[in-house]
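Thanks for coming. I will walk through one structure, beginning with its ligand and ending with its sheets and rings.

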Amino acid sequence: MSSELSPIEKAKFVAAKQATEYVESGMKVGLGTGSTAEWLVQCLGEMVREEGLKIKGVPTSKRTARLAMKVGIDVITLDEAKWLDVTIDGTDEYDTDLSLIKGGGGAHLHEKVVATASDRMIVIADASKKVDTLGAFPLPVEVIPFGLPVTQSLIEETLNGLDVLGREVTLRMKGDAPFVTDEGNFILDLHLKRIGNPRQLGLVINQIPGVVENGLFIDICDVVIVGHGDGRVTTRDITNNTTNVVRFDVLDDDNIFSDIAD
Ligand code: 5RP
C-alpha cells in the first residue's frame with residue numbers, strides 16, 4: 001500500500017503521525033476536517049484500537065464525525081466537551097506568524113469555534129501550504145443564504161478600501177447548486193491574491209451583516225507540523241519559539257500504511 005501513496009500523501013501522513021505525540025489518554029481532542037486531518041483521525045483510531053488510547057473526539061464536520069466513529073474514536077459534541085485539550089487540523093495556507101487561511105473544505109466555521117475552545121491548536125500540513133503572505137488561496141467566507149446578493153455586494157464594496165491585490169468574489173458551487181455548509185449556509189470565496197493586513201481584513205469582513213465567519217485564523221494556531229515526502233517532519237511551536245525536526249522510517253512498512261489507508 002505504501003508504494004501507492006504519493007509524496008504529498010506521505011507528507012500528510014507523517015505530519016499527522018507526529019501530531020499524535022500531543023495526544024494523551026483522558027484528553028478531549030478537536031478533530032479537523034480535510035485530507036490531512038483524515039490521516040490524523042485514522043492514526044488516532046489505530047491508537048484507540050491497538051494501544052488502548054482513551055480520548056473523546058469533537059469533530060469539526062459531519063464528514064469527520066463519520067470517519068471518527070468508523071475508526072473507533074469516542075465522539076462527543078462540543079457542548080458535551082465544553083473545553084478541549086487540543087485541536088489538530090489541516091490548513092490551506094499558513095504564514096510565519098502561524099496565521100492561517102482555512103475553509104477549503106467548507107468547514108471553517110466549526111473549525112474556528114472548536115479550535116478557539118481548545119487549550120492548543122496544532123496545524124498539520126505538507127510544505128506546499130507555507131506562504132510568505134496569505135491570500136493566494138481564496139479566502140472562504142460563510143454567509144447566510146438570506147440576502148446573498150446584498151451580502152456579496154457589501155463584501156465587494158468593503159474590499160475596495162482594503163489592502164488586497166484581487167477583489168473577485170465567487171459563490172462556491174457543488175455541481176449546479178451552491179455548496180451548503182454543515183450549518184446550512186453558503187460560502188463566498190474571496191480571490192484576494194495577497195492580503196496585506198489579515199487581522200484588519202478578518203475583523204472588517206465579520207462586521208458585514210449576513211457574514212457568519214471568515215476563514216482567517218489569527219492568533220489561534222500554536223504549533224505547525226509540516227511533513228515531507230521523504231519522511232521528515234518539522235515542528236514549529238510559537239508558544240516557546242522552538243523548531244524540531246524528526247524523521248519517520250515507516251514509509252516502507254506496508255503494514256502501517258495498509259492499516260490506515262484502507
Ligand atoms: C477544511 C479546511 C482544511 O483543513 C483545509 O482545506 C486543508 O485541507 P487538506 O488537508 O485536504 O489540504 O480548512 O475546511
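Look at glycine 103: a polar atom of its backbone is 2.8 Å from an oxygen atom of the ligand. Keep in mind throughout that this is a predicted model.

Side chains take part as well. In glutamate 111, a polar side-chain atom lies 3.1 Å from a ligand oxygen. Aspartate 89 also has an N or O atom in its side chain placed 3.5 Å from an oxygen atom of the ligand. How much of the ligand does the protein bury? On its own the ligand exposes 380 Å², and 90% of that is buried by the protein.

Next, the shell itself. There are 17 residues around the ligand, and those that come nearest are Ser35, Thr36, Asp92, Gly103 and Lys129. Which elements give two or more residues to this shell? They are helix 2, residues 35–51, and helix 5, residues 108–116. Sorted by class, the shell has eleven polar residues, five charged ones and one nonpolar residue.

Now the sheets. One is an open sheet of eight strands with mixed pairing, and its strand order is 3-2-1-4-7-15-16-17. At its edges are strand 3 (74–75) and strand 17 (242–247), each of which pairs on one side only. Within this sheet, look at strand 1, residues 28–31, and strand 4, residues 84–89: they pair in the parallel sense, over three bridges. As a landmark, glycine 30 stands opposite threonine 87 in strand 4. Aspartate 89, which I mentioned for its side chain and the ligand, falls within the residue range of strand 4.

Another open sheet has three strands in the order 5-6-14, and here the pairing is antiparallel. Which strands are at its edges? Strand 5 (93–94) and strand 14 (216–217) are, each pairing on one side only. Strand 5 and strand 6, residues 100–101, pair in the antiparallel sense over two bridges. There, glutamate 93 stands opposite isoleucine 101 in strand 6.

Last, the rings. How many aromatic pairs does the structure hold? One. Rings also meet charges. Lysine 102 has its charged end over the ring of phenylalanine 217, 5.8 Å from the ring centre. Phenylalanine 217 belongs to strand 14, an edge strand of the three-stranded sheet. Arginine 172 does likewise with phenylalanine 179: its charged end sits over that ring, 5.6 Å from the centre.

That is the tour.

Key. Residues are numbered from 1 along each chain as its sequence is written. This is a predicted model: local features need pLDDT of at least 70, side-chain atom pairs count only at pLDDT 80 or more; totals for chains, interfaces and linings use all residues. Side-chain values use heavy atoms; hydrogens and water are left out. Rings of Phe, Tyr and Trp (its six-membered ring) pair if their centres lie within 6.5 Å; planes under 30 degrees apart count as stacked, over 60 as edge-to-face and the rest as tilted. A charge sits over a ring if NZ of Lys or CZ of Arg is within 6 Å of the ring centre and within 35 degrees of the ring normal. A residue is near a molecule or strand if one of its heavy atoms lies within 4 Å of it. A polar contact is a pair of N or O atoms within 3.5 Å; within protein, one must be able to donate a hydrogen and the other to accept it, and residues adjacent in sequence count only if both atoms are side-chain atoms. Accessible areas come from the Shrake-Rupley method with a 1.4 Å probe; for residues, only the protein chains shown count as cover. Helices (H or I, at least four residues) and strands (E, at least two) are DSSP runs, numbered from the N terminus. Ala, Val, Leu, Ile, Met, Phe, Trp, Tyr, Cys and Pro count as nonpolar, Asp, Glu, Lys and Arg as charged, and the others, Gly among them, as polar. Two strands pair if DSSP finds at least two bridges between them.
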